[in-house]
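Hi there,

Here is the structure I promised to hand over. Please open it next to this email, and my notes will follow below.

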Amino acid sequence: MNALTSIQKRWLLVLGGALVVLLLLTPQLRQQRLAAIDTNPELPAVKQATTASQRAVLARQRQQTQTLLAEIAVAQEQLQPSRPQQWAASEFTTLQNLLTQGDKEVANSQFPAALASYQRALTLLGQLIDQRPQRLIELLDASARNYRNFALVEFDSNLALAELLAEPSDSVTGQQIAQWRQKQLQLSATQKSANAINLALESNQLSDAKTLLFSAKKDRAIDHQHPAIQLLAEQLASRQRQADYTTALNSGYSALSSDQLDAAASAFNRAAQLQPDSDNAQNGLQQVANQRRQVSIDRQLVAAEQFEQNEQWSQAVSAYTALENSAPGLLEAKVRLISSRVRAEFDQRWRDLTRSPYNLVAADQQRAAQQWLDQAEQINPRGALLSAQMEQLQKQLRQSVQPQQVLLLSDSQTEVTLFRVAQLGRFNQQVLKLLPGRYTALGSCPGHRDRQVQFQVALEQVDSAPLTVNVTCGEAL
């Protein structure tokens, strides 16, 4: 009854094989835990009264325990090079406690409890193995923060843990850690440089800060790509832009107060480029535009007034019209445009009256000329041009009603007709008094061609001799 069955013998063989595997994989752990299981004096002896099935269950539990221990040993060998006690201290302590608890349970032949403890330990080992890549990422992220914050001690510690966690075959991560190590060598000098630049900025010594930043970029011992250096460079650029902006703004207002509008516009444009959203720069440009507009208005007014003074009324009208178009609502331009138009029309009437030396011979034109003179008398002050125009019109009006002597010569054979004057008949000579103007005389004689003679009676004679006009027939037919 106590003899081993063939099934029990097979279980014992399997158990022996598992023990051999465990001995090959983890010598120390295997030796310690097998010794605890097989030679522990506290291990209760198996009662001879146990049945074969009970002994089979016990053997199976032993085998399961040994199998779990073998898996734990493999997992530990995989995890141990990364020193989990340093990067997962809490979990590693829990793992050790579970293994110790399992060992005690095995020693007390509490195999189901031991299996549970070992299984929890194996699960925790698997979790640690799975967490290793994520923990490496976290350490690298922490190293980046340490680098940015100049945390030298933490930086070195995290890099050391990252070196433990990195797989030897992971060249990318290895290169990344090497780069961080290179930056670590520069970190102290970088922090010193950043502090110096920051102190210069706080003291508003922009020139010194600029010099220090330039030196940092040239010094290989300093990592000028460090975020702190980059941030200080941005702050310096911003402060310099603000200083340049203030200088440009002050220059613009100074030039504006001196009426140097081009210089003011250039300065305000520079300020607007430095701070595109600046209301002050835009206000300055608007003031330049307003002042330029006012200067232009003033110049146009001066030019228009000069036309008025020169009694060039049509030009004055054009100038005031342009001014009214460019500056609607300008009262001075409106008022002066009205008066200039009146004078321009008055001037044009004079031109119409005097456009021909014989224009005032007609009675209606004489009345119009006299009316113009009466109106001109009312104008005060009277310019030199208007006075000259009045004098010329008065003279031309007097001359237009003053007849001049004209001597007509003929051959006593020609019938002479003076159109619009009289039928003069035949004569050798005849003296007439004619008003200034253009005249046509016709001479006709039987057997000869008619002859027309056109002549003009001037407003005044050049000399004392009368105008002589010969009216005789033409050639014989």
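What follows is a walk through the sheets, the cysteines, the internal space and a few backbone details. Please keep in mind throughout that this is a predicted model.

**The open sheet**

Let me start with a sheet of four strands, which is open and has the order β3-β2-β5-β6, with antiparallel pairing. The edge positions belong to β3 (422-425) and β6 (451-457); each has a single partner strand, so one side of each is left without a neighbour in the sheet. On average, neighbouring strands here are turned by 20 degrees against each other, direction ignored.

Two of the pairings can be followed down to residues. Strand β5 (residues 437-444) runs antiparallel to β6, and seven bridges join them; in this pair, R438 has Q456 of β6 as its bridge partner. At the other edge, strand β2 (residues 415-418) pairs with β3 over three bridges, again in the antiparallel sense, and T417 stands opposite Q423 in β3. β2 and β3 also make a hairpin, with three residues between them. If you check backbone angles in that turn, look at R420, which has a positive phi of about 65 degrees.

When you look at side chains on these strands, a general point may help: in a regular strand they alternate between the two faces of the sheet.

**The pairings of β1**

Which strands pair with β1, and in what sense? With strand β4 (residues 429-434), strand β1 (residues 404-409) pairs in the antiparallel sense over six bridges. With strand β7 (residues 467-470), β1 pairs in the parallel sense over four bridges. To find both contacts on screen, take V406, whose bridge partner in β4 is L432, and L408, whose bridge partner in β7 is V469.

**The cysteines**

How many disulfides does a search of the whole structure find? The count is zero. C445 is in no disulfide, and the nearest cysteine sulfur, that of C473, is 3.8 Å away. Why is there no bond for C473? A disulfide is counted only when two cysteine sulfur atoms lie within 2.5 Å, and the sulfur of C473 is 3.8 Å from the closest one, in C445, so the two are too far apart for a bond. As for their surroundings, C445 counts as buried because its relative accessibility is 13%, and C473 counts as buried at 13% too.

**The internal space**

There is one cavity of 30 Å³ or more, and about 30 Å³ of space lies in the largest cavity. Its lining is made up of E311, W313, R343, F346, D347, L386 and Q389. By type, these residues divide into three nonpolar, one polar and three charged. α14 (331-354) and α16 each supply at least two residues of this lining, and α14 gives the most, with three.

**Backbone details**

As general background, most residues other than glycine have a negative phi, and most peptide bonds are trans. A few places here are worth a look with that in mind.

- E311, one of the residues lining the largest cavity, has a positive phi of about 55 degrees although it is not a glycine. E311 lies in the loop between α12 (279-309) and α13 (313-326), and is buried, with a relative accessible area of 8%.
- S109 is not a glycine either, yet has a positive phi of about 60 degrees. S109 sits in the loop between α5 (89-107) and α6 (111-148). Is S109 buried, exposed or partly exposed? At 28% relative accessibility, S109 counts as partly exposed.
- The peptide bond from N380 to P381 is cis, with omega near 5 degrees. P381 belongs to the loop between α15 (363-377) and α16.

**One residue of α16**

Finally, R398 is found in helix α16 (residues 384-400). R398 counts as exposed because its relative accessible area is 51%, and exposed means over 50%. The C-alpha atoms of R398 and L360 are separated by 9.3 Å, with the two residues 38 apart along the chain.

That is my tour. Do write back with any questions once you have had a look.

Best wishes

Key:
Residues numbered from 1 in each chain as written. Predicted model: local features only at pLDDT ≥ 70, side-chain atom pairs only at ≥ 80, totals over all residues. Heavy atoms only, no water. Buried < 20%, exposed > 50% of the residue type's maximum accessible area, 1.4 Å probe, protein only. Pairing = 2+ DSSP bridges. 1 Å grid on protein atoms, 1.4 Å probe; cavity = no way out; pocket = protein on both sides within 12 Å on 5 of 7 lines; lining within 4 Å. Points joined across faces, edges and corners; volume = space filled by probe spheres on them. Nonpolar A, V, L, I, M, F, W, Y, C, P; charged D, E, K, R; others polar. Axes fitted to C-alpha atoms, helices over the stretch in contact; angles between N-to-C directions.
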